[in-house]
Amino acid sequence: MSFGKTIARRQHSHGFLDVNKNRDIVVVHKDELIGDLYEAALTQDGFFETIQRVAEWVEADMFHMYSIDAISNSPRFSYYTPTATTFDGMIARYVEYYRGLDPRVDLVNCQPANTWFACQDHFNDRYVSRSEFFQDFLIPNGLRYMFGTRIASAGGSDVLVALVRAAGRASFTDRNRADFTSISGHMQRAIRCWQGAVELHHSAAVGAEMSALLSIAAIVLDRQLRAVSVNPEAETMLRATASLKLRGDRLVATSSSVNDALQAAFGRVAKSGHGETLAITDRANGNYDLFLSINALPSSSGVARTVGPGLLVMARRKGSSRLVTAIQLRQAFDLSAAEAAAAEALIDGASPDEYAQKNGVSIATVRTQLRAIYEKTGTRTQAEAVGLMLWVLTQRPQARYEPCKASHGK
């Protein structure tokens with residue numbers, strides 16, 4: 001059932017909300033607010049303004065959403081009511097000194113993740129009157145009561161959210177609690193969607209920009225095999241060839257028989273994690289036109305954590321440069337010359353046996369080189385190594401390679 005709630009938006013005084021002045025009257029419908037939360041989270045447009053509307057809907061004055069790095073104990077990000085223009089200075093003092101005095105920190109940490117609590121249930125007026133944190137910091141800065149939660153995130157850097165009521169106002173009512181309980185689950189899921197969308201948008205933009213510097217056509221497919229990132233080189237390639245196209249958000253071959261083979265290859269790689277190469281023929285003359293390398297996104301990449309078991313499709317046209325070269329692999333992953341040559345062959349689609357036979361070395365030698373490649377890239381299988389090497393090389397400028405070792409769940 002949809003129901004509306006009339007709220008009074010409040011003006012600011014010294015960067016915080018002056019509860020004595022009404023700016024305008026707005027009727028907010030809960031189902032509309034929920035829809036706006038999800039839409040803003042995914043589009044990255046007006047998300048913090050929508051969070052502020054949720055705060056006002058439960059008669060809070062402002063919100064603060066932040067994350068503390070679990071290892072360094074330093075802030076990863078901090079967002080709050082967009083119009084609270086002086087809040088940065090308050091946060092700086094809080095991080096420098098008052099966080100160590102804040103009794104709400106231990107309260108948040110001992111509460112089960114993803115459950116909301118009200119500080120008024122834990123700190124009565126007598127406690128507040130004797131608390132240095134409340135008396136010297138929070139109340140003088142115009143704030144008092146808080147709804148809070150800790151939203152669990154991968155990697156241990158959880159997101160903390162507080163909806164805060166200004167000093168001088170009464171505590172949150174049972175009606176406020178009931179209203180927020182009815183929407184809190186949606187808010188938590190929307191924040192998780194926002195986190196994923198931030199990472200996806202950032203990774204896609206970086207991947208597209210950097211891969212262009214390497215002249216490699218790169219297309220990222222998500223778990224539904226939809227194209228979520230197409231770099232400039234891939235856009236140029238798709239315009240220049242008639243054998244491979246984007247139809248909507250689907251990467252397809254224009255020949256039905258070739259497309260059947262392409263989609264089947266996508267399905268096999270998505271299911272098994274084992275990379276494949278595929279040659280695409282030109283419909284006009286039947287000659288091979290494009291060469292694709294299809295790999296599962298390595299689980300250590302930011303995009304894989306966001307889009308799930310997606311694919312990285314690398315493409316080159318006939319007569320164009322190699323996908324990557326041995327010297328790029330040496331510089332990026334600190335490989336020896338022999339290890340880089342083996343890695344280059346694997347990326348080009350050769351099996352270890354084929355590489356050993358072609359180069360006149362024993363399969364035992366190739367396996368030793370493979371183990372070194374896995375160690376230096378932080379991977380465990382040939383498919384993971386190929387996917388990781390291709391993914392890293394699409395995001396690093398060619399002129400700035402430095403030796404690195406990727407982590408893989410270590």
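## Surface and overall make-up

About 19,700 Å² of the chain is exposed, and carbon and sulfur atoms supply 49% of this area (Shrake-Rupley method, 1.4 Å probe; for residues, only the protein chains shown count as cover). The model is predicted: local features need pLDDT of at least 70, side-chain atom pairs count only at pLDDT 80 or more, and totals for chains, interfaces and linings use all residues. Residues are numbered from 1 along each chain as its sequence is written, and side-chain values use heavy atoms, without hydrogens or water.

The chain has 410 residues, 49% of them buried (under 20% relative accessible area, 1.4 Å probe, protein chains only). It contains 15 helices and 14 strands (DSSP runs numbered from the N terminus: H or I of at least four residues for helices, E of at least two for strands). Among contacts (heavy atoms within 4.5 Å) between residues at least 6 apart in sequence, 57% join residues at least 24 apart.

## Nonpolar cores

The largest nonpolar core (buried Ala, Val, Leu, Ile, Met, Phe, Trp, Tyr and Cys residues joined through side-chain atoms within 4.5 Å) holds 31 residues; Phe 47, Met 65, Val 161, Leu 163, Phe 180, Met 187 and Ile 191 touch the most other members. At least two residues of this core come from each of α1 (30–43), α2 (47–57), β3 (62–68), β6 (143–151), β7 (159–166) and α7 (174–213). Another core, of 26 residues, lies apart from it and includes Ile 68, Tyr 98, Cys 119 and Leu 160.

## Phe 180 and Asp 179

Leaving out residues up to four places away in sequence, Phe 180 touches Val 54, Trp 57, Val 58, Trp 116, Phe 147, Leu 163 and Met 187.

Asp 179 lies in helix α7 and is buried, at 4% relative accessible area. Asp 179 and Trp 57 are 122 residues apart in sequence, with their C-alpha atoms 8.2 Å apart.

Terms used
Buried means under 20% relative accessible area, exposed over 50%, partly exposed in between (1.4 Å probe, protein chains only).
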